[in-house]
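Open your viewer and get the selection tool ready. We will walk from one stop to the next, with a list of what to pick at each.

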Amino acid sequence: MKILGIESSCDETAVSVVEDGRKVLSNVIASSLEEHILYGGVVPEIASRRHAECIEQVTKQALKDAGCELADIDAIAVTAAPGLIGALLVGVNFAKGLSLSSGIPLVPVHHLRSHIAANYVTHPDLEPPFLALVASGGHSHIVEVRSPTEYKVIGQTRDDAAGECMDKTARVLGLPYPGGKNMDAVSQNGNPHAFETPRPHVDGSPYDFSFSGLKTYVINTVHHMEQKGEAPNVEDMGATIITAVVDSLADNTERAAKDLGYDTIVLAGGVSANSFLRKRFEEICEKNHWTLYMPELQYCGDNGAMVAAQGYYEYIAGHRAGLDLNAKATMAIDAEF
């Protein structure tokens, strides 16, 4: 069964064809990243315009690379939530048009579910149940994945997401966008103990996260240093903040796995590309004799393959959408369209 996956939740226009939820036949991505770098972050209006300009060509290329025609596609899966509303609407409306004109079933996909599904194309042997950490610029969740379409959130951020904290830190330190990726690169030789940072936790909620305090710490620390005519060591500050974020993500996930009895751990989302995070989870899983699954780097960020992979399981579960499908800027991972 071939699924066409369409992703447009942020600044990547991505389309992919995936067979049976595991085999990637094509994966085409057009990004407007270079334009957003000029502004230090994603500009929603620019992202939406670029999606509208290139989504048709990206789709044609994905079909060509897969060696198939639209008539060979069994279902059209599209990211419908969450994300930048204008960007989402481009993908959703394009997918509805394809479905209407071709008669191919339309399947709505949740963005975070598809990030988890990125592991299915990297690791064809992976099967639920497992415990997943989903960390990105906008989300930080610990999720019980009981089946490919059944989820239970047991921990999440109360304020800022892990990726947002690292992106804002990078911006304060003068690093270009995308901040998290660039800070990871420059912090490889930094001292992770150079600064005494807060270690946030949420009383009464041992699996929840809070990263706003870390972000405030960076802003205040750098401001005070600048007032004294000093400048922070970017490598050391970067390594310190990344380590603080990773400690929080790893400690809570490890605690949850032990409490709930999981021995299979999955990483997902853009932050799963972070080298500090990947190394820390390798150490944790080796120590506890757990099995760790991480997506290939090419599938950590937004892509169409993850949407098509999740779309396959949503389709099998009987989930469909009509022409009244609308995009949603926010939506819980365990909610239904």
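What follows is a short tour of single residues and helix pairs in this model, which is predicted.

**Stop 1: T197 and its loop**

Start by selecting T197, which sits in the loop that links α6 (179-186) to α7 (212-227). Is this residue buried or exposed? With a relative accessible area of 12%, T197 counts as buried, because the cut-off for that label is under 20%. Now show side chains: those of T197 and R199 are joined by a polar contact of 2.5 Å. To see what else surrounds the residue, add L214, Y217, T240, I241 and A244; T197 touches each of these, leaving aside residues up to four places away in sequence.

**Stop 2: α6 against α8**

Next, keep α6 and add helix α8, residues 234-260. Their axes are 8 Å apart, and the packing angle is about 115 degrees. That value makes α6 roughly perpendicular to α8. If you turn the view so that one helix lies in front of the other, the crossing of α6 past α8 is left-handed. Which residues make the contact? On the α6 side, select M183, D184 and V186; on the α8 side, V234, E235, G238 and I242. Colour them by class and you should find 4 nonpolar, 1 polar and 2 charged residues in this contact.

**Stop 3: A250, further along α8**

Stay with helix α8 and pick A250, which is found there. A250 has a relative accessible area of 0%, so it is buried. Which residues does A250 touch, not counting those up to four places away in sequence? Select R280, F281 and I284 to display them. For a distance label, try A250 and F281: the two are 31 residues apart along the chain, yet 6.8 Å separates their C-alpha atoms.

**Stop 4: V222 in α7**

Move to helix α7 and select V222. This residue is buried too, because its relative accessible area is 4%. Beyond residues up to four places away in sequence, V222 touches V172, L173, P232 and M237. For a distance label here, choose V143: V222 and V143 are 79 residues apart in sequence, and from C-alpha to C-alpha they are 35 Å apart in space.

**Stop 5: α5 beside α7**

With α7 still selected, add helix α5, residues 162-172. The two helices pack with axes 9 Å apart and an angle of about 10 degrees. α5 is therefore roughly parallel to α7. From α5, the contact uses E164, C165, K168, T169 and V172. From α7, L214, K215, V218, I219 and V222 take part. Two names may look familiar: V222 is the residue of the previous stop, where V172 was among its neighbours, and L214 was one of the residues touching T197. By class, the α5 and α7 contact divides into 6 nonpolar, 1 polar and 3 charged residues.

**Stop 6: α4 across α10**

For the last stop, select helix α4 (residues 111-122) together with helix α10 (residues 304-316). How do their axes cross? They come within 7 Å of each other, at roughly 95 degrees. This angle makes α4 roughly perpendicular to α10. In α4, highlight H111, R113, S114, H115, A117, A118, Y120 and V121. Across from them in α10 are A305, M306, V307, A309, Q310, Y313 and E314. A class colouring of this contact shows 9 nonpolar, 4 polar and 2 charged residues.

Notes:
Residues are numbered from 1 along each chain as its sequence is written. This is a predicted model: local features need pLDDT of at least 70, side-chain atom pairs count only at pLDDT 80 or more; totals for chains, interfaces and linings use all residues. Side-chain values use heavy atoms; hydrogens and water are left out. Helices (H or I, at least four residues) and strands (E, at least two) are DSSP runs, numbered from the N terminus. Buried means under 20% relative accessible area, exposed over 50%, partly exposed in between (1.4 Å probe, protein chains only). A polar contact is a pair of N or O atoms within 3.5 Å; within protein, one must be able to donate a hydrogen and the other to accept it, and residues adjacent in sequence count only if both atoms are side-chain atoms. Contact means heavy atoms within 4.5 Å. Axes are lines fitted to C-alpha atoms, for helices over the stretch in contact, and angles run from 0 to 180 degrees between N-to-C directions. Angles under 35 degrees count as roughly parallel, over 145 as roughly antiparallel, 65 to 115 as roughly perpendicular and the rest as oblique. A crossing is left-handed if the near helix is turned anticlockwise from the far one by less than a right angle, and right-handed if clockwise. Ala, Val, Leu, Ile, Met, Phe, Trp, Tyr, Cys and Pro count as nonpolar, Asp, Glu, Lys and Arg as charged, and the others, Gly among them, as polar.
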